[in-house]
Amino acid sequence: MEKMGTTDSELEGLFEQKKRVKNPLVPIGAFITAGVLTAGLISFRMGNSQLGQHLMRARVVAQGATVALMVGTAYYYGEKL
């Protein structure tokens with residue numbers, strides 16, 4: 001029986017093999033989405049609803065691209081680890 005506080009070498013080896021992989025494009029996509037959303041809300045507030053509508057559509061595209069990057073990265077690196 002092991003004492004509490006001791007580490008299992010198998011678990012330790014497993015966690016060392018699995019490294020966190022970062023994708024720099026996901027935060028960039030999130031910032032682009034937030035920027036387009038902000039510009040769209042400002043244009044709605046200024047009374048330019050046509051531009052605001054176009055920016056909201058662009059936000060949906062940017063948000064979809066960000067989610068696709070997240071899923072694609074998880075799928076790509078999920079098979080390698």
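**View 1. Leucine 25 in helix H2 of the predicted model.** Leucine 25 is found in helix H2, which covers residues 25-46. Please keep in mind throughout that this is a predicted model. Leucine 25 is partly exposed, and its relative accessible area is 45%. On the surface, Leu25 joins Ile28 and Ile32 in a nonpolar patch. Together, Leu25, Ile28 and Ile32 offer about 270 Å² of accessible area. If you look for a partner of Leu25 elsewhere in the chain, leucine 69 is in contact with Leu25.

**View 2. Leucine 69 in helix H3.** Here we move to helix H3, made of residues 49-80, where leucine 69 lies. Once neighbours within four places in sequence are set aside, leucine 69 is in contact with Asn23, Leu25 and Val26. One of these, Leu25, also belongs to the nonpolar surface patch with Ile28 and Ile32. Is leucine 69 buried or exposed? The label is partly exposed, because the relative accessible area of leucine 69 is 30% and partly exposed covers the range between under 20% and over 50%. For a distance to check on your own screen, try the C-alpha atoms of leucine 69 and glycine 29: the two residues are 40 residues apart along the chain, yet these atoms are separated by 8.7 Å.

**View 3. Threonine 33 and the residues it touches.** Threonine 33 is found in helix H2. With a relative accessibility of 11%, threonine 33 counts as buried, because buried means under 20%. Which residues does threonine 33 touch, not counting those up to four places away in sequence? They are Arg59, Ala62, Gln63 and Thr66.

**View 4. Alanine 39 and methionine 56.** Alanine 39 is another residue found in helix H2. At 34% relative accessibility, alanine 39 counts as partly exposed. The C-alpha atoms of alanine 39 and methionine 56 are separated by 9.0 Å. Along the chain, alanine 39 and methionine 56 are 17 residues apart.

**View 5. Serine 43 and a backbone nitrogen.** Serine 43 lies in helix H2. Serine 43 is buried, with a relative accessible area of 6%. How many ångströms lie between the backbone nitrogen of glycine 52 and a polar atom of the serine 43 side chain? The distance is 3.3 Å. Gly52 is also among the contacts of serine 43 when neighbours within four places in sequence are left aside; the others are Asn48, Leu51 and Leu55.

**View 6. The whole chain, for orientation.** Stepping back, you will find three helices and zero strands in the protein chain. Read from the N terminus on, the elements run α-α-α. Of the 81 residues in the protein chain, 16% are buried, and serine 43 is one of the residues labelled buried. The accessible surface of the chain comes to about 7000 Å². Carbon and sulfur atoms hold 64% of that surface. Among contacts with a separation of 6 or more, 52% are between residues 24 or more positions apart.

**View 7. Where the prediction is confident.** The protein chain has an average pLDDT of 80, and 69% of the residues score at least 70. Which helix has the lowest confidence, and which the highest? Helix H1, residues 9-17, is lowest with a mean of 55, whereas H2 is highest at 92. Threonine 33, alanine 39 and serine 43 from the earlier views lie in H2.

Terms used. Residues numbered from 1 in each chain as written. Heavy atoms only, no water. Helix = DSSP H or I, 4+ residues; strand = E, 2+ residues; numbered from the N terminus. Buried < 20%, exposed > 50% of the residue type's maximum accessible area, 1.4 Å probe, protein only. Contact = heavy atoms within 4.5 Å. Patch = residues over 30% accessible without salt bridge, like charges linked within 9 Å, V, L, I, M, F, W, Y side chains within 5 Å. Areas by Shrake-Rupley, 256 points an atom, 1.4 Å probe, with all protein chains shown as cover. Salt bridge = Lys/Arg side-chain N within 4 Å of Asp/Glu carboxyl O. Polar contact = N/O pair within 3.5 Å; in protein donor to acceptor, adjacent residues only side chain to side chain. pLDDT = per-residue confidence, 0-100.
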